[in-house]
Amino acid sequence: MIKLKFMKYKKNFEIFYWTGIIIFFAGGILLNFQFAYDYTIIKNLMGFLFCIFLSIYYIYKRKEFEFSIFVYLPLIFFAWILISAFYAPFKFESAKSLENYILYFLIFIISSNLKIDKKIFYVWITSGIIASIIGIFQFYGPRHYPISTFGNPNFYAGHIIMVLSLTLSNILNYKEYKNEKLGKFFSYIDILSLFFCLWGLILTNSRAAIMAFILTIPFMLYLNNLEKKGILKYVGLLITVFFIILYYPKILLWYRTNIRFYIWQGTWKLIIKKPILGWGLGNFIFYYPYFRIKEYFLQPESRNVTNHPHNEYLEIWSETGLIGFLIFLSLILFLIINFIKKKESNKLLFVGIIGGIISVLLDNIFSTNMRNPSTSMYFWFLIGITFQYFKREKVPFEVSQLIWYIIFLTSVVLFIFHSFYRILPQVYFKMSESIKELISYEEKMGRKIYEDSFRIKLYKECIENYHKACALNPNDYEIWYKLAYMYGKVGDYKKARDIYLKINNYLFPHYAKTDANLGTIYIKMGNFEKALQYYKIAEWFNPYDVDLLCSIASIYIIYYNNIESALNYIKRVLNLDPKNKYANITILKLKEEGKLK
């Protein structure tokens, strides 16, 4: 009787286990929140829910916390991340990055105590198949843009290479589970996964992720044949090295003509300035513009804001210094070396888990995917679950219970905080952006579609929603920037100026085109001296902005009557854009007025 009650009780708390697993591996991959501007931000909540449900499961199960001696390296890394957040000058941005790292740490702790179960990985693989089918349909749809549920083809590619690594491992070791109860069913899932996930990956045209997976394959083959003697297990690795050497000149040419060449040069200058401690967690984006190579803006892919250096290792070094970089590198190398030494007999999952980790590490030499929770949550899950392969010690349940309660409470608090402080502002942001799309559509059509009263109502509603978003998250410089632009659009130049100055002085100095926009606002207000002052600042950051150079030239002509200085800027414009309408018309007018021979 007692045994039956216990079995029933055990069955009840298994619900928490599978709820957490399905939320994380199905919801975290497939869900998005279209009402928010960043509709993928909800994926973080799936990570917190995973930690909530699994910690409840561990408490009910009276699970003792288990740890390996190797756990100290991840703990040291996360501890240094915390320290770097405190010495970062822009605390609100470091706090945002720290939230993600706390989430990764919680997932790591939970997964390091999670029993390895094939069914977990097949939930993940099945979700990967569905995500890939969505991406394939998107590619063959009107937009030809396979973002799946990740918001970006590269983010989707950065995640799906982990699924492909697990799938390939299962196929390589099919004999180990073909006689199991669900063996044949699992094999069908693996075949579908290899077909759809590989198809989806190719359609993304994400060179970093595709090359990462290709390079991961020989490493997985090596691990899969680790126990075999002879040179055969090294063939894949040797062929890979051969082709890298053979195509090295082409690889080098691609690198030197790729925009990353310019981004990395600027990042290295940034690193050299503070090599030991770095600039603080999440603060790369604020200081990089001062070190950016100016020729970056001559590249067609250039943007006004560089969020990341497109190399995870450079970003870790730039933000957490050489100390953080070496800790992370030691963690990864130590784990991989010890994985190889293990020569694990259960190759079915072991090879796939290590392959998933390796593929992400290779991909992030050229990508930003580890700055995105849709990759990093699952990367740290894989790191955590590998600790099941090492000898572990147990902590008494009295102490373990405290650990699970801390994880539970931390996850609940961050879930609520993230919902209201991160996601809700994005909802109001999306409302404003949707209204702007209506207004932009009218401008694009080149004719009046809406009545003036309705258009004014749209402007007011747009501004009101921006204000609501800023009230919820007063440190979101992107939303403040959009609000300032909208005030300029409706002709309220004083409010636009005040918000741009707020961004420059308190939130993000020289963000995007803040200085150039301030120059334009001051022209509208009739203050040409101030306008030129801010245009000159903007020019220092980007001397190849054609519109900016034209604006400076116009001030020299209209306000200063300094034709010589104006001509210098016009010549620069024509060097960049020989057919520039403003520059060519200005030269003709100056000739007509006799001011230019």
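## Getting to know this model: exercises

Ile-81 touches Leu-98, Tyr-101, Leu-281 and Thr-320, leaving aside residues up to four places away in sequence. Keep in mind that the model is predicted.

**Exercise 1. Work out which helix holds Ile-81, and whether Ile-81 is buried or exposed.**

Start with the location: Ile-81 sits in helix H3, residues 72-86. Next, look at the accessibility. Buried means under 20% relative accessible area. Ile-81 has 2%, so it counts as buried. As a last step, try a distance from Ile-81 to Phe-155: these two are 74 residues apart in sequence, and their C-alpha atoms are 23 Å apart in space.

**Exercise 2. Find the helix that holds Lys-436, then decide whether this lysine is buried or exposed.**

Lys-436 belongs to helix H16, which runs over residues 397-445. Its relative accessible area is 15%, so Lys-436 is buried. Now check who it meets: with residues up to four places away in sequence left out, Lys-436 touches Cys-462, Tyr-466, Lys-482, Tyr-485 and Met-486.

**Exercise 3. Count the disulfides in the whole structure.**

First, recall the idea: a disulfide is a covalent bond between the sulfur atoms of two cysteines. Then search: the whole structure gives zero disulfides. Take Cys-462 as a case: its nearest cysteine sulfur belongs to Cys-470 and is 11 Å away, and Cys-462 is in no disulfide. For a pair to count, the sulfur atoms must be within 2.5 Å. Cys-462 has 0% relative accessibility, so it counts as buried. Cys-197 also comes out as buried, because its relative accessibility is 0%.

**Exercise 4. Check the length of helix H23 against its expected span, and say what covers its buried residues.**

H23 has 14 residues, 563-576. At 1.5 Å a residue it should span 20 Å, and its end C-alpha atoms are 20 Å apart, so the two agree. Now list the buried residues of H23: Ile-563, Ser-565, Ala-566, Leu-567, Tyr-569, Ile-570, Val-573 and Leu-574. Their cover includes helix H21 (528-541), helix H22 (546-558) and helix H24 (581-592).

**Exercise 5. Describe how helices H7 and H8 pack.**

Two packed helices are described by the angle between their axes and the distance between the axes. For H7 (residues 183-204) and H8 (residues 207-224), the angle is about 135° and the axes are 8 Å apart. The two helices are therefore oblique to each other, and their crossing is left-handed. Finally, name the contact: H7 brings Leu-198, Leu-201 and Ile-202, while H8 brings Ala-209, Ile-210 and Phe-213.

Terms used. Residues numbered from 1 in each chain as written. Predicted model: local features only at pLDDT ≥ 70, side-chain atom pairs only at ≥ 80, totals over all residues. Heavy atoms only, no water. Buried < 20%, exposed > 50% of the residue type's maximum accessible area, 1.4 Å probe, protein only. Helix = DSSP H or I, 4+ residues; strand = E, 2+ residues; numbered from the N terminus. Expected span 1.5 Å × (residues − 1). Contact = heavy atoms within 4.5 Å. Axes fitted to C-alpha atoms, helices over the stretch in contact; angles between N-to-C directions. Parallel < 35°, antiparallel > 145°, perpendicular 65-115°, else oblique. Left-handed = near helix turned anticlockwise from the far one by under 90°.
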